[in-house]
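Biologist: I'm new to this structure and would like a close look at one part of it. Could you pick out the salt bridges and walk me through what surrounds them?

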Amino acid sequence: MTQEVSNDDSILRRCLRAAHRLPPDAQAELAATLLRNLKPRGRAKRRIADAVSLDPLRDMSSAELRVLAEAVIAPGQQQTLQALLDKNRSGVLTTEEEAILDELLGQADQVGLLKARARYTLSLSERAEELPE
């Protein structure tokens with residue numbers, strides 16, 4: 001059982017690394033496809049619903065939301081991320097570099113989520129002059 005979990009984790013990590021190399025539109029399409037085909041049960045179903053719910057950002061002006069919606073990863077981090085992704089593709093990534101890559105990818109995911117929430121909030125405010133309570 002432990003070996004099976006370890007293999008599943010290894011496969012998941014490889015899939016995530018490959019997904020992060022896709023262009024943003026392809027990443028969104030992949031995520032949507034996976035979510036459409038997901039058949040979770042019990043607690044897993046609740047965790048997934050919590051993870052994919054997109055709550056609007058409150059107490060931010062439209063100008064602040066627009067800036068956040070266009071946010072990018074800092075250039076230095078982007079260069080480091082690209083260099084580590086290149087090394088990973090070449091198969092020469094050290095354990096320490098893999099940890100750094102995982103951290104940077106997690107940060108990039110957080111930036112992406114914040115951008116999505118900002119865009120979602122802007123779309124809500126455009127449809128109805130105020131956000132839903």
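**Salt bridges and their surroundings**

Modeller: Let's start with Glu97, which forms a salt bridge with Lys87; their closest N and O atoms sit 2.5 Å apart. Glu97 belongs to helix α6 and Lys87 to helix α5, so this pair ties together parts that are 10 residues apart in sequence. Bear in mind that this is a predicted model. The two partners don't share the same kind of setting: Glu97 counts as buried, at 18% relative accessibility, while Lys87 comes out as partly exposed at 29%.

Now stay on helix α5, which covers residues 75–90. Here the side chains of Asp86 and Arg89 meet in a salt bridge, with 2.6 Å from N to O. Both residues are in that helix, three residues apart, or about one turn. Asp86 is partly exposed, with 36% relative accessibility, and Arg89 is partly exposed too, at 43%.

How many salt bridges turn up when the whole structure is searched? The search finds three, and the one I haven't described yet joins the side chains of Arg17 and Glu98, at 2.5 Å from N to O. Arg17 lies in helix α1 (residues 2–20) and Glu98 in helix α6 (residues 95–127), so this pair ties together parts that are 81 residues apart in sequence. Arg17 is buried, its relative accessible area being 11%. Glu98, on the other hand, is partly exposed at 24%.

Next, the nonpolar side of the picture. In soluble globular proteins, nonpolar side chains tend to be buried together. In this model, the largest nonpolar core has seven residues: Leu81, Leu84, Leu85, Leu93, Leu101, Leu104 and Leu105. Helices α5 and α6 each supply at least two residues of this core. Those two helices are also the ones tied together by the Glu97 and Lys87 pair.

Which residues does Leu84 touch, once its neighbours within four places in sequence are set aside? Leu84 is in contact with Leu93, Glu97, Ile100, Leu101 and Leu104. That brings us back to Glu97, the salt-bridge partner of Lys87: Glu97 is in contact with Leu84, and Leu84 is one of the residues of the largest core.

There is also a second, separate core of six residues, including Leu65, Leu68, Ala69 and Leu122.

Key: Residues are numbered from 1 along each chain as its sequence is written. This is a predicted model: local features need pLDDT of at least 70, side-chain atom pairs count only at pLDDT 80 or more; totals for chains, interfaces and linings use all residues. Side-chain values use heavy atoms; hydrogens and water are left out. A salt bridge is a side-chain nitrogen of Lys or Arg within 4 Å of a carboxyl oxygen of Asp or Glu. Helices (H or I, at least four residues) and strands (E, at least two) are DSSP runs, numbered from the N terminus. Buried means under 20% relative accessible area, exposed over 50%, partly exposed in between (1.4 Å probe, protein chains only). A nonpolar core is a set of buried Ala, Val, Leu, Ile, Met, Phe, Trp, Tyr and Cys residues joined through side-chain atoms within 4.5 Å. Contact means heavy atoms within 4.5 Å.
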